[in-house]
Amino acid sequence: MPAGEDKQLISVHPSDLKFIFELEKQSFCDLKVVNNTENHVAFKVKTTSPKKYFVRPNTSVLQPGDSCLIRVTLQAQREYPPDMQCKDKFLLQSTIVPPNTDVDDFPADTFNKESSKDIRECKLKVQYISPSAQGNSGDEGSSDSNSTLQQLKEDRDAAVRQTLHLQQEVVC
């Protein structure tokens, strides 16, 4: 079956979470989530290791065509994992919700697969990168960093524009 982007309510970039792993130091990875529909879409992020990671926002509602940055923080660890391999996984669930749905008002079964709702799922794997390997990634790594940085700047600018627009609406 193809990648199934057309079946997904939201797209997630990057498709894997990569953390620079250093003992006794936090590390983070940002995910960009984009609503691919003309509907309001709620999402929730779950993980197999909730004590190791801090996810903000872990639930939210995206307006049609809107995007959101999710910061996943790996808490400081006291020991190295065997062979720097990580078996942790994340699950990003999404479902269509009515307009004006507030995150605090989600029904308890919003992301329950047994309910009658259409819940889409996106699985994300976790990779640990040693600090020395990060520096030796060559041109490909720096172009990835540059494109990620450019994307973050564009997202920031869009967020600033949206904030100004919302402030103008409130004033009027």
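Strands here are DSSP runs of E, at least two residues long, numbered from the N terminus, and two of them pair if DSSP finds at least two bridges between them. The model is predicted, so to speak from the record's own rules: local features need pLDDT of at least 70, side-chain atom pairs count only at pLDDT 80 or more, and totals for chains, interfaces and linings use all residues. Residues are numbered from 1 along each chain as its sequence is written, and side-chain values use heavy atoms, with hydrogens and water left out.

**Exercise 1.** Work out which residue of β6 stands opposite A42.

*Solution.* Start with the pairing: β4 and β6 run antiparallel and share four bridges. Now look across from A42, and you land on V61.

**Exercise 2.** Lay out the open sheet and explain why β2 and β6 each have a side without a neighbour.

*Solution.* Step one, the order: β2-β9-β8-β4-β6, five strands with mixed pairing. Step two, the edges: β2 (16-20) and β6 (59-62) each have a single partner strand, so one side of each stays without a neighbour in the sheet. Step three, go inside: β4 (residues 40-47) meets β8 (residues 89-97) antiparallel, through eight bridges. Along that seam, K46 faces L91 and T47 faces F90.

**Exercise 3.** Follow F90 to its aromatic partners.

*Solution.* F90 shares one aromatic cluster with F19 and Y53. Take Y53 and F90: their ring centres are 4.9 Å apart with 75 degrees between the planes, an edge-to-face pair (centres within 6.5 Å; planes under 30 degrees apart are stacked, over 60 edge-to-face, the rest tilted). Finally, check exposure: Y53 and F90 are both buried, meaning under 20% relative accessible area with a 1.4 Å probe, protein chains only.

Technical notes:
Rings of Phe, Tyr and Trp (its six-membered ring) pair if their centres lie within 6.5 Å; planes under 30 degrees apart count as stacked, over 60 as edge-to-face and the rest as tilted. Buried means under 20% relative accessible area, exposed over 50%, partly exposed in between (1.4 Å probe, protein chains only).
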